[in-house]
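I set out to note what could be looked up in this model, keeping to one topic per entry. The entries follow the order in which I went through them.

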Amino acid sequence: MVQENEKKLTKKDLWKVFWNQMTIRATNNYERQQNAGFTQAMMPVIEKVYDDPEDKKEAYERHMEYFLTQDMVSAIPVGISAAMEERYANERDFDPSTIGSVKTALMGPLAGLGDSLLNGTARPILAGLAISLVSAGTGWVGPIMFVICMAILSLGVRYLGVFQGYKQGISLVGKFQSSGLISRISELAGIAAYIIVGGFIPLLVVVNVPIKYTSGETTISIQETLDNLMPGVLGLLYTGLMYYLITKKKVSPIKLIFLTMIFGIVGVYAGLLG
């Protein structure tokens, strides 16, 4: 039963979300990645379902948290988040932090799905067909075919993500709420986020110490010694230091990025880093 003051999203609202979602990578940044683009996509929803300025402010802050996934399939969490914001604005029957938890739980699996199926499979196949057509002497047919097919693929995935994500999101939220699954997802999402981010540390945070100690005919490499103890241990320690400074000392990530750059440059010139 629809309540008198209930705010429901219309197809027109969802079309605005669809077009806004196209800009999700426009303001990609190294601190929170696609958060600004996600918030831009959610603007029509927030402005529609909330009247209280404080509610709008809290909703905007929710979606300015870290978010990163494959850009086409990001429409799916956008659609689901739209359904959840609408539900929360009208019913207030769950903790709004679960909206962010659901986004976090989805972005990892969707990134793998989008990268493998769309970027790693569909795009190379279409590019191969286009190159074959060019090699066969068909002129611009191949490139035009590639652009049209990729546009259909991209727009189709985004359309289904926003509209079906919203449609299914409403029923999903209801099922999750009745089964208590949201609280479990919140807990598992936190664990999954730490595991995913932690798995990237050896690849993305590399600290090499070229210092060697020689005594007689024996040369000891500090880096080799540390790697024998635990490969990537310096990167892990540096990541732990950054985590401590951000969470306990409230140091801005932007400041830490610049300090890391300066530390790296000075360390290399001083011979402490390699």
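I began with residues 140-161, where this predicted model gives a span that is 95% helix and 0% strand, with its end C-alpha atoms 31 Å apart. I then looked up residues 253-272, and found 85% helix and 0% strand there, the end C-alpha atoms lying 24 Å apart. Both spans carry the feature "transmembrane region" in UniProt, in an unreviewed entry that also places this feature at residues 188-209 and 229-246.

Next I turned to the strands. Strand 1 (residues 212-215) and strand 2 (residues 218-221) run antiparallel and are joined by 4 bridges, and I noted that Lys 212 stands opposite Ser 221 in strand 2. The hairpin they form has 2 residues between the strands, and Gly 216 takes a positive phi near 65 degrees in it.

I then went through the aromatic rings and recorded a count of 10 aromatic pairs. One of them is Phe 18 with Trp 19, an edge-to-face pair with 4.9 Å centre to centre and 75 degrees between the planes. Phe 18 has a relative accessible area of 4%, so I entered Phe 18 as buried. Ring pairs also link Phe 18 and Trp 19 into a cluster with Trp 15, Tyr 159 and Phe 163.

Why did I enter the pair of Phe 38 and Phe 67 as tilted? The planes of these two rings are at 55 degrees and their centres 4.6 Å apart; an angle counts as edge-to-face over 60 degrees and as stacked under 30, so the pair is tilted. This pair links distant parts of the chain, since Phe 38 belongs to helix 2 (residues 35-49) and Phe 67 to the loop between helix 3 (53-63) and helix 4 (75-91), 29 residues apart. I found both Phe 38 and Phe 67 to be buried.

I also checked for charges over rings. Lys 103 lies over the face of Phe 38, at 4.1 Å from the ring centre, and Arg 92 lies over the face of Tyr 88, at 4.8 Å from the ring centre.

My last entry concerns Glu 86, which has its place in helix 4. Is Glu 86 buried or exposed? Its relative accessible area is 3%, and because buried means under 20%, I entered Glu 86 as buried. Which side chains make polar contacts with the side chain of Glu 86? I noted the side chain of Lys 8, at 3.3 Å, and that of Tyr 166, at 2.8 Å.

Definitions and conventions: Residues numbered from 1 in each chain as written. Predicted model: local features only at pLDDT ≥ 70, side-chain atom pairs only at ≥ 80, totals over all residues. Heavy atoms only, no water. UniProt positions renumbered as here; feature names shortened; annotations may be inferred. Pairing = 2+ DSSP bridges. Phe/Tyr/Trp six-rings, centres within 6.5 Å; stacked < 30°, edge-to-face > 60°. Buried < 20%, exposed > 50% of the residue type's maximum accessible area, 1.4 Å probe, protein only. Lys NZ or Arg CZ within 6 Å of the ring centre and 35° of its normal. Polar contact = N/O pair within 3.5 Å; in protein donor to acceptor, adjacent residues only side chain to side chain.
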